[in-house]
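Grab a pencil and work through these exercises with the model open beside you. Try each task before you read its solution.

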Amino acid sequence: MRLRGPDSLAFRVIALSSLWAIAAFTVIGGLISTLYDQTASRGFEDLLVAHLYNLVNTVSVTPEGILTGTPDLGDLRYSRPLSGWYWEVLPAAPNTKGRLSSASLGSAEIVSPNAKVAPFDLYYRRNYESPGLDGEELKVVETEIVLDQENRVARFRVMGNASLLNADIAQFDWRLGLYLGCFGLGSILINAVAILYGLRPLVAVRRALGEVRAGHEERLRGDFPAEIRPLTQEMNGLIDNNRRIVERARTQVGNLAHSLKTPIAVLTNEATAIGGEKGRLVAEQTESMRFQVQHYLDRARVAAQSEGVVFRAAVGPALERLARVMAKLNPALRFDGPTLSGMPLVFAGESQDYEEMVGNLLENAAKWSRSTIRLSAVAEGGSFRTIIEDDGPGLGEAEIVEALKRGRRLDENKPGSGLGLSIVAETVREYRGTLTLSRSDLGGLKAEIVLPLVVGPETS
């Protein structure tokens, strides 16, 4: 099943499900990233606090107020220079002296903001960020502790490399985005395949309808899912009902034709027996009556068939048959074509009706043509055009209007009843088409019949 744009059911379902999947994975990714960030930051801070209390427990002060101790926090990063992991103990009261620091910090100093910028919390501890010695970002945990009864106070600081933490979080976010993106893309593709597979029966229904419209089948045939089966059953019921209506119309037309056939034949025989001028007049009127009756019976049949969905005829073979017959009947004329262009053409009716329309125009062209008749058909959007041209004298605009009037003959020397063009025009209108007459580039008349184009499986 192909996607045909926003008006496609498959496109809409896939687009909505894809948007929902993108939104869902985006929210999920944001939640996971936030939770990991919070957990990693909390774990990082808890590690620094643990190192801080370890540092506090390993430092004391001499009776002279000098800071002393040999802290070992159990992490080699505190002994590697410029590692971004440092600790430091500073005097925080006038009666306290000295300074202790990790090997990684040495005599260097890390900027410490005042208490207004980074105040102490209820545990008399504060956290802040500060630039490191090698351009890294440091996370600092600091506290002040009274070391003895002389109120000697020391400031303890433990610093961790927050740049590594941020890089780790960024790396996690990148991998999370990659994995969720791949999983989301795979989910969207699988979802699209599942939707297209689920909608495939609709394609089968469309093809079955196309087969019916093209006249290849009389009913929708196929093994359809339970959700679509009621639709196909209703469509088959509609087709059967349409066929019954057409058959009833045909039966009524046939009955009427048979009921009138005998009276008309009797009138014809009586006119022949009468003879003379009155007999000729009765014969002419009887023949006109027969022609009119047959014409309106045909129109009733055409009207019934034009509303059907099972009467279809290929245009190419019909034109070829007409061209062969007309060539045999008029050996002195040259027939060019039929020339077909565009997609395969299908007429929405019986071949007999189409051949009658085109045949009348070909007979008219044969009456007036000097040497050449050209026959062609071309598809144009949702319709197809059948063109009959000759190299005869042609017609002017006023003569074209007269020619389409019922029973009007422009030349009494030519055989015929004058009903041909008007019958063609009426039949074309029954099929919701148009008939136009104009000047052909061959020099004679150009007749064009435009009829709706049936799109079936062979033309889709």
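**Exercise 1: two helices that cross**

H6 and H7 make a right-handed crossing, meaning that the near helix is turned clockwise from the far one (left-handed would be anticlockwise by less than a right angle). Before you go on, note that this is a predicted model, where local features need pLDDT of at least 70, side-chain atom pairs count only at pLDDT 80 or more, and totals for chains, interfaces and linings use all residues. Residues are numbered from 1 along each chain as its sequence is written, and side-chain values use heavy atoms, with hydrogens and water left out.

Task: find the angle at which H6 and H7 cross, and sort the residues of their contact by kind.

Solution:
- Step 1. The axes, which are lines fitted to C-alpha atoms over the stretch in contact, with angles from 0 to 180 degrees between N-to-C directions, cross at roughly 35° and come within 10 Å.
- Step 2. Look for contacts (heavy atoms within 4.5 Å): H6 brings residues including Leu319, Leu322 and Met326, while H7 offers, among them, Tyr354, Val358 and Leu362.
- Step 3. The sorting gives nine nonpolar, two polar and three charged residues. Here Ala, Val, Leu, Ile, Met, Phe, Trp, Tyr, Cys and Pro count as nonpolar, Asp, Glu, Lys and Arg as charged, and the others, Gly among them, as polar.

**Exercise 2: the sheet**

Task: work out the strand order of the open sheet of five strands and name its edges.

Solution:
- Step 1. Helices (H or I, at least four residues) and strands (E, at least two) are DSSP runs, numbered from the N terminus, and two strands pair if DSSP finds at least two bridges between them.
- Step 2. Following the pairs gives S9-S11-S12-S14-S13, with mixed pairing.
- Step 3. S9 (334–341) and S13 (434–439) each pair on one side only, which makes them the edge strands.
- Step 4. Now zoom in on S13 and S14 (residues 445–452): they run antiparallel, joined by six bridges. In one pairing, Leu437 has Ala447 of S14 as its bridge partner.
- Step 5. Add a helix: H7 (residues 351–368) lies across S9, S11, S12, S13 and S14, at about 20° to S12.

**Exercise 3: one serine**

Task: why does Ser102 count as buried, and what is it in contact with?

Solution:
- Step 1. Find Ser102 in the loop between S4 (100–101) and S5 (125–131).
- Step 2. Ser102 counts as buried because its relative accessibility is 2%; buried means under 20% relative accessible area, exposed over 50%, partly exposed in between (1.4 Å probe, protein chains only).
- Step 3. Skipping neighbours within four places in sequence, Ser102 is in contact with Tyr78, Trp85, Tyr86 and Trp87.
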